[in-house]
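Biologist: I would like a close look at one part of this structure, the strands and how they are put together, followed outward to whatever lies next to them along the chain. Please take your time and connect the pieces for me as you go.

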Amino acid sequence: MNKRPILVAFSNQKGGVGKSTVTAVLASYFNYVKGLKVAVVDCDYPQFSLEKLRGRDLKNLEKSEYHQRLFCRQFEDGSRKAYPIVTSTPEAAAEISGKLEGDYDLIFFDLPGTVNSRGVFESVMNMDFIFTPIVKDRMVMQSSLSFVSTVQDFIGQHPEAPLKDIRLFWNRMDSRTS
Ligand SMILES: Nc1ncnc2c1ncn2[C@@H]1O[C@H](COP(=O)(O)OP(=O)(O)O)[C@@H](O)[C@H]1O
Ligand SMILES: [Mg+2]
């Protein structure tokens, strides 16, 4: 019997806070470093930035002998293979995870920057966990806090829903940010 993967979404009301970046970094970390079976579902239409990133990787591979050698080595030495990145509409996001071939431990979803758009809120509620990046910006803070409180209300009212928790985390902090 297939085990159920853990579904994790990065979501926020605002764009440009690091959802796609953090998705790519964490998917790579858990896949290549921790050896978990990871898949990524890119629902961020029309940008599809993660899918585009994979497209750029493939172009680099075609052009560069150095990357081709690295790729062959990765193939031969039994290292963890690249994880799939599939695109989806936000409405079909949770559903698509059941259709991915293979047993995954962890599926990351890069959702669009607005939860008001059709299907995004429903999708978010079918995740196991939501992580919301925040940056030091009043608009981002306000919309993120209101998003978190809406989601927490939903969790409180729907104990049967898959969603267990939502967490905010700081992104794009540097030494100049006080
Ligand atoms: N932790 C970080 N450190 C430095 N740059 C970052 C970090 N997170 C995101 N960025 C940059 O910020 C920009 C927006 O990030 P992105 O992941 O595309 O946001 P979103 O997917 O939420 O719209 C990109 O140029 C990205 O490279
Ligand atoms: Mg993005």
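Modeller: Strand S1, residues 6–10, pairs with strand S4 in the parallel sense, and 5 bridges hold the pairing. Please keep in mind that this is a predicted model. To find the register by eye, look for Leu7, which stands opposite Ile107 in S4. On S2, Ala39 also stands opposite Ile107, so you can use Ile107 as a landmark for both pairings.

Let us stay with S4 for a moment. S4 covers residues 106–110 and is joined to S2 by 5 bridges, again with the strands running parallel. One more point of register here is Val38, which faces Leu106 in S4. S4 is mostly covered, with 5 of its 5 residues buried. In a regular strand, side chains alternate between the two faces of the sheet. In S4, Leu106, Phe108 and Asp110 point one way, while Ile107 and Phe109 point the other way, and all of them are buried.

Now move across to S2, residues 38–42. Here, too, 5 of the 5 residues are buried, so S2 is largely enclosed by the rest of the structure. Val38, Val40 and Asp42 point one way from the strand, Ala39 and Val41 point the other way, and all are buried. Asp42 is a nice one to click on, as a charged residue by class that is buried in this strand.

S2 has a further partner in S3. That strand spans residues 85–87, and 3 bridges join S2 to S3 in a parallel arrangement. Val40 stands opposite Ile85 in S3, and Asp42 stands opposite Thr87 in S3.

With those pairings in hand, the whole sheet is easier to read. What is the order of the strands in it? There are 6 strands in an open sheet, in the order S3-S2-S4-S1-S5-S6, and the pairing is parallel. S3 and S6 (165–170) are at the edges with a single partner strand each, so one side of each has no neighbour in the sheet. On average, neighbouring strands of this sheet are turned by 25° against each other, with direction ignored.

Next, let us follow the chain out of three of these strands, beginning with S1. Asn12 sits in the loop between S1 and helix H1 (19–33). Its relative accessibility is 0%, so Asn12 counts as buried. The side chain of Asn12 reaches the backbone nitrogen of Lys14 at 3.3 Å, and a polar contact of 3.3 Å joins the side chains of Asn12 and Ser144.

After S2, the backbone offers two features worth checking. Most residues other than glycine have a negative phi, and most peptide bonds are trans. In the loop between S2 and helix H2 (49–63) you will find Pro46, and the peptide bond from Tyr45 to Pro46 is cis, with omega near 0°. Phe48 lies in the loop between S2 and H2 as well, and its phi is near 40°, a positive value in a residue other than glycine. At 17% relative accessibility, Phe48 counts as buried, because the cut-off is under 20%.

A positive phi turns up again past the edge strand S6. Arg172 lies in the segment after S6 and has a phi near 55°. At 60% relative accessibility, Arg172 counts as exposed. Arg172 is also one of the residues around ligand 1, with Gly15, Gly16, Val17, Gly18, Lys19, Ser20, Thr21 and Asn171 making up the rest of that shell. By class, the shell has 1 nonpolar, 6 polar and 2 charged residues.

For a chemist's eye, the contacts to ligand 1 are a good place to finish. An N or O atom in the side chain of Ser20 is 2.9 Å from an oxygen atom of ligand 1, and a polar side-chain atom of Thr21 lies 2.5 Å from an oxygen atom of ligand 1. Asn171 puts a polar side-chain atom 2.8 Å from a nitrogen atom of ligand 1. The protein covers 55% of the 560 Å² of accessible area that ligand 1 has on its own.

Note on methods. Residues numbered from 1 in each chain as written. Chains lettered and ligands numbered in written order. Predicted model: local features only at pLDDT ≥ 70, side-chain atom pairs only at ≥ 80, totals over all residues. Heavy atoms only, no water. Buried < 20%, exposed > 50% of the residue type's maximum accessible area, 1.4 Å probe, protein only. Helix = DSSP H or I, 4+ residues; strand = E, 2+ residues; numbered from the N terminus. Pairing = 2+ DSSP bridges. Near = heavy atom within 4 Å. Polar contact = N/O pair within 3.5 Å; in protein donor to acceptor, adjacent residues only side chain to side chain. Areas by Shrake-Rupley, 256 points an atom, 1.4 Å probe, with all protein chains shown as cover. Axes fitted to C-alpha atoms, helices over the stretch in contact; angles between N-to-C directions.
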